[in-house]
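Work through the exercises below with the model open. Each task is followed by its solution.

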Amino acid sequence: MVVVKIELWPHGDEEQKRPLGVLTIANDGSGDARVGHYDVTASHAGAYFGRRREPYRTGKVRGFPRQLSPYRLVCRALKAIGEL
């Protein structure tokens, strides 16, 4: 599973960090060595972060070539949930 945590660091100070959201990308096990299929969830964000347990949005990434960068997987995951 890929977990992308979004944090705010006021003035670049890690000690004052606040979580803003979490994106999870989980392999659904139906792909093969070349191509992966993933389930995507996004937490509620900003002021709503941590207040609700159900995902804010869900989606699926299908047919992702495994040799591509993990940044591309994150981009496709954001597209899958309608955030791009």
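**Exercise 1.** Which residue in S3 is the bridge partner of Ile25?

*Solution.* The model is predicted: local features need pLDDT of at least 70, side-chain atom pairs count only at pLDDT 80 or more, and totals for chains, interfaces and linings use all residues. Residues are numbered from 1 along each chain as its sequence is written, and side-chain values use heavy atoms, without hydrogens and water.

Step 1. Find the elements. Helices (H or I, at least four residues) and strands (E, at least two) are DSSP runs, numbered from the N terminus. The protein has one helix and four strands. Their pattern along the sequence is β-β-β-β-α.

Step 2. Find the pairing. Two strands pair if DSSP finds at least two bridges between them. S2 and S3 run antiparallel and are joined by five bridges.

Step 3. Read off the partner. Ile25 is bridged to Val40 in S3.

**Exercise 2.** Establish the strand order of the sheet and place the helix on it.

*Solution.* Step 1. The sheet is open, with four strands in the order S1-S2-S3-S4 and antiparallel pairing. S1 and S4 (57-65) are the edge strands, each pairing on one side only. On average, neighbouring strands are turned by 20 degrees against each other, direction ignored. Here axes are lines fitted to C-alpha atoms, for helices over the stretch in contact, and angles run from 0 to 180 degrees between N-to-C directions.

Step 2. Take S3 (residues 35-42) and S4. Seven bridges join this antiparallel pair. Tyr38 stands opposite Val61 in S4. Ala42 stands opposite Arg57 in S4.

Step 3. Add H1. The helix lies across S1, S2, S3 and S4, and runs at about 135 degrees to S4. Contact means heavy atoms within 4.5 Å.

**Exercise 3.** How many aromatic pairs does the structure hold?

*Solution.* Step 1. Apply the criterion. Rings of Phe, Tyr and Trp (its six-membered ring) pair if their centres lie within 6.5 Å; planes under 30 degrees apart are stacked, over 60 edge-to-face, the rest tilted.

Step 2. The structure holds one such pair. Tyr38 and Phe64 are edge-to-face, at 6.3 Å centre to centre and 75 degrees between the planes.

Step 3. Tyr38 is in S3 and Phe64 in S4, so the pair ties together parts 26 residues apart in sequence.

**Exercise 4.** Describe the largest pocket and its lining.

*Solution.* Step 1. On a 1 Å grid over the protein atoms alone, a pocket is an open set of points where a 1.4 Å probe fits, with protein on both sides within 12 Å along at least five of seven lines; lining residues have an atom within 4 Å of a point.

Step 2. The lining of the largest pocket has 15 residues; Ile6, Ala42, Ser43, Ala45 and Leu78 lie nearest the centre.

Step 3. S1 (2-8), S2 (18-27) and H1 (70-80) each supply at least two lining residues. S2 gives the largest share, four residues.
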